[in-house]
Amino acid sequence: MAQSTATLLEGPAEAAPAQRQSQVNARIDAKLKATGDAGLTAAGYTPTQAVRALWSLATRFKNEPVKIRVALDPDGDVTPDDLAERNRRLEALQRGAGLVDNLCEQYGLPGTSRKLAALPYRELRDALMDEHFAEKGLIDG
């Protein structure tokens, strides 16, 4: 689309002002900073990126301060009742897995979680591939 003569004479529109930046300064223990920097690097973050992510999280959950506290310190406000509930749920999950294992063993079904968990990855993969190929009739099962 052709530009009008007035637009050509005025030149390009004025560029949007640069995003304003603000600096954050914090004092922390030198050892904590060094180990924290190593952890951030392992996670693929620079300290600046981590601070930006923190401020983004705080902005996203500005009306839900509990979510911010949990994100910053997941175990910070854990009460004995919370720990007891976690343990109760974990035990229920383990009992459920045990029931599945027992039923599989009782009815001769392959692949109970205990048996599968004991296999090295390559053996598990090979067993699954053998089963798959046998189902397709490509190998004798």
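Here is a walk through this structure, from its overall build to its charged pairs and its surface.

Keep in mind from the start that this is a predicted model. The average pLDDT of the protein is 80, and 80% of the residues score at least 70. The beginning of the chain is another matter: over residues 1-13, pLDDT stays under 50. For that stretch the model has one contact beyond four places in sequence. Where pLDDT is low, the predicted coordinates should not be read in detail. When you turn the model on your screen, then, treat residues 1-13, with their pLDDT under 50, with some caution.

Now for the overall build. The secondary structure consists of seven helices and zero strands, so the order of elements from the N terminus on reads α-α-α-α-α-α-α. How much of the protein counts as buried? Of its 141 residues, 4% do, and the cut-off behind that figure is a relative accessible area under 20%. The accessible surface comes to about 12,800 Å², and carbon and sulfur atoms account for 58% of it. Contacts tell you something about the fold as well: take those between residues at least 6 apart in sequence, and 7% of them join residues at least 24 apart.

Two of the helices are good places to pause. Helix α5 covers residues 80-106. With its 27 residues, α5 reaches 38 Å from its first C-alpha to its last, close to the 39 Å expected at 1.5 Å a residue. Just after α5 you will find Gly-108, which takes a positive phi of about 70°. Helix α7, residues 121-135, has 15 residues. From first C-alpha to last, α7 reaches 21 Å, close to the 21 Å expected at 1.5 Å a residue. Here too a glycine follows: Gly-137, just after α7, has a positive phi of about 80°.

Next, the charged side chains. Side chains of opposite charge can pair when their charged atoms come close. How many salt bridges does the model contain? The count comes to five. Among them is the pair Glu-85 and Arg-88, with 2.7 Å from N to O. These two residues sit three apart in helix α5, which means that about one helical turn separates them. Glu-85 also meets Arg-89 in a salt bridge, where the closest N and O atoms are 2.9 Å apart. Arg-89 and Glu-85 are four residues apart in α5, so they too are separated by about one helical turn.

How open to the surface are these partners? Glu-85 is partly exposed, with a relative accessible area of 28%. Arg-88 is also partly exposed, at 46%, while Arg-89 counts as exposed because its 54% lies over the 50% cut-off. Elsewhere in the chain, Asp-126 forms a salt bridge with Arg-125, with 3.4 Å between the closest N and O atoms. Both of these residues are partly exposed, Asp-126 at 39% and Arg-125 at 33%. Back in α5, salt bridges that share partners join Glu-85, Arg-88 and Arg-89 into one network.

Finally, look for a nonpolar patch on the surface. Which residues form the patch? They are Val-24, Val-51, Leu-54, Trp-55 and Leu-72, with about 460 Å² of accessible area together. Helix α3, residues 47-60, gives the largest share of the patch, with three residues. Leu-72 has its place in helix α4, which covers residues 65-72. Is Leu-72 buried or exposed? At 56% relative accessibility, Leu-72 counts as exposed.

Conventions:
Residues are numbered from 1 along each chain as its sequence is written. Side-chain values use heavy atoms; hydrogens and water are left out. A salt bridge is a side-chain nitrogen of Lys or Arg within 4 Å of a carboxyl oxygen of Asp or Glu. Buried means under 20% relative accessible area, exposed over 50%, partly exposed in between (1.4 Å probe, protein chains only). Contact means heavy atoms within 4.5 Å. Accessible areas come from the Shrake-Rupley method with a 1.4 Å probe; for residues, only the protein chains shown count as cover. The expected span of a helix is 1.5 Å times one less than its number of residues. Patches are made of residues with over 30% relative accessible area and no salt bridge: like charges are joined within 9 Å, nonpolar side chains (Val, Leu, Ile, Met, Phe, Trp, Tyr) within 5 Å. pLDDT is the predictor's confidence in each residue, from 0 to 100.
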